[in-house]
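Q: Here is a structure to go through. Please set each label against its cut-off.

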Amino acid sequence: MMKAIGLVTLVSLFIASAALAQTPIIDIRNALDENCYPSNLGALVEIEGLVVCGTELGSAGPAFIEDATAGIAFYFYPQPFTTGDYVVLSAYVDMYNGLLQLADEPGTGTAPTWTILSSGNAVSPHTLTIPEIGEANEGKLVKLECVFFHDAGTPWAGSHTFEDADGNLGTVY
């Protein structure tokens with residue numbers, strides 16, 4: 001009987017130690033090597049956050065998830081999240097065309113896992129000015145007020161320039 005209790009205790013300790021600790025998204029974003037490339041590429045991480053963009057960019061995604069520290073893209077097909085879902089996600093750090101994202105395991109296709117903790121949560125964008133746009137806000141839902149597009153009313157292909165009342169310029173790709 002004593003051996004069985006010891007074995008159960010050992011198994012319980014192993015299971016507890018195998019669980020991932022949740023990582024703030026800012027820590028994933030800031031893990032860069034000397035070339036500003038993610039030093040954690042391919043690492044399995046777990047995050048908890050609010051889905052601020054679900055299938056609005058199509059069923060193949062990406063979706064975007066924010067916690068209190070930052071935002072990040074999540075690519076998986078078909079996209080399992082709806083805007084307003086609050087989720088726990090375990091996925092692998094990846095890069096796609098310069099976009100830091102979480103996805104399936106590179107090279108193996110091992111699927112991410114997730115739990116939707118609640119749905120229908122309110123989503124509010126961060127209001128920014130054009131000079132505030134940059135890497136620090138990549139992956140976040142943002143709103144720009146009082147901007148105009150130079151080529152408004154024309155079909156969109158490629159990049160588009162926009163401007164605010166102070167003459168600051170930005171580009172949508």
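A: Start with a contact between two side chains: a polar contact of 2.6 Å joins Arg-29 and Glu-138. The model is predicted, so local features need pLDDT of at least 70 and side-chain atom pairs pLDDT 80 or more, while totals for chains, interfaces and linings use all residues. Residues are numbered from 1 along each chain as its sequence is written, and side-chain values use heavy atoms, with hydrogens and water left out.

Q: Why is the pair Arg-29 and Glu-138 called a polar contact?
A: A polar contact is a pair of N or O atoms within 3.5 Å; within protein, one must be able to donate a hydrogen and the other to accept it, and residues adjacent in sequence count only if both atoms are side-chain atoms. The side chains of Arg-29 and Glu-138 are joined at 2.6 Å, so the label applies.

Q: What makes Glu-138 and Arg-29 a salt bridge as well?
A: A salt bridge needs a side-chain nitrogen of Lys or Arg within 4 Å of a carboxyl oxygen of Asp or Glu. The closest N and O atoms of Glu-138 and Arg-29 are 2.6 Å apart, so the pair qualifies. Glu-138 lies in the loop between strand 7 and strand 8 and Arg-29 in helix 2, so the salt bridge ties together parts 109 residues apart in sequence. Helices (H or I, at least four residues) and strands (E, at least two) are DSSP runs, numbered from the N terminus.

Q: Why is Arg-29 called buried?
A: Buried means under 20% relative accessible area, exposed over 50%, and partly exposed in between (1.4 Å probe, protein chains only). Arg-29 has 10%, so Arg-29 is buried. Glu-138 is buried too.

Q: Which label does Glu-135 get, buried or exposed?
A: Glu-135 has 57% relative accessibility, so Glu-135 counts as exposed. Its side chain meets that of Arg-29 in a salt bridge (4.0 Å, N to O). Those two residues are 106 apart in the chain.

Q: How many salt bridges does the structure hold?
A: Three. One of them joins the side chains of Lys-143 and Glu-145 (3.4 Å, N to O). Lys-143, at 35%, is partly exposed. Glu-145, at 47%, is also partly exposed. Salt bridges that share partners join Arg-29, Glu-135 and Glu-138 into one network.

Q: What does Arg-29 touch?
A: Contact means heavy atoms within 4.5 Å. Leaving out residues up to four places away in sequence, Arg-29 touches Ala-70, Gly-71, Ile-72, Leu-100, Glu-135 and Glu-138.

Q: How do you know that strand 2 and strand 3 pair?
A: Two strands pair if DSSP finds at least two bridges between them. Strand 2 and strand 3 have four bridges, so they pair, in the antiparallel sense. They form a hairpin with four residues between them. Glu-66 stands opposite Gly-71 in strand 3.

Q: What makes strand 1 and strand 2 a pair?
A: Three bridges join them, so the cut-off is met. They run antiparallel. The bridge partner of Leu-50 in strand 2 is Glu-66.

Q: What makes a set of residues a nonpolar core?
A: The members are buried Ala, Val, Leu, Ile, Met, Phe, Trp, Tyr and Cys residues, joined through side-chain atoms within 4.5 Å. The largest core here has 17 residues. Ile-47, Ile-65, Phe-74, Leu-89 and Leu-102 touch the most other members. Strand 4 gives the most to this core, with four residues.
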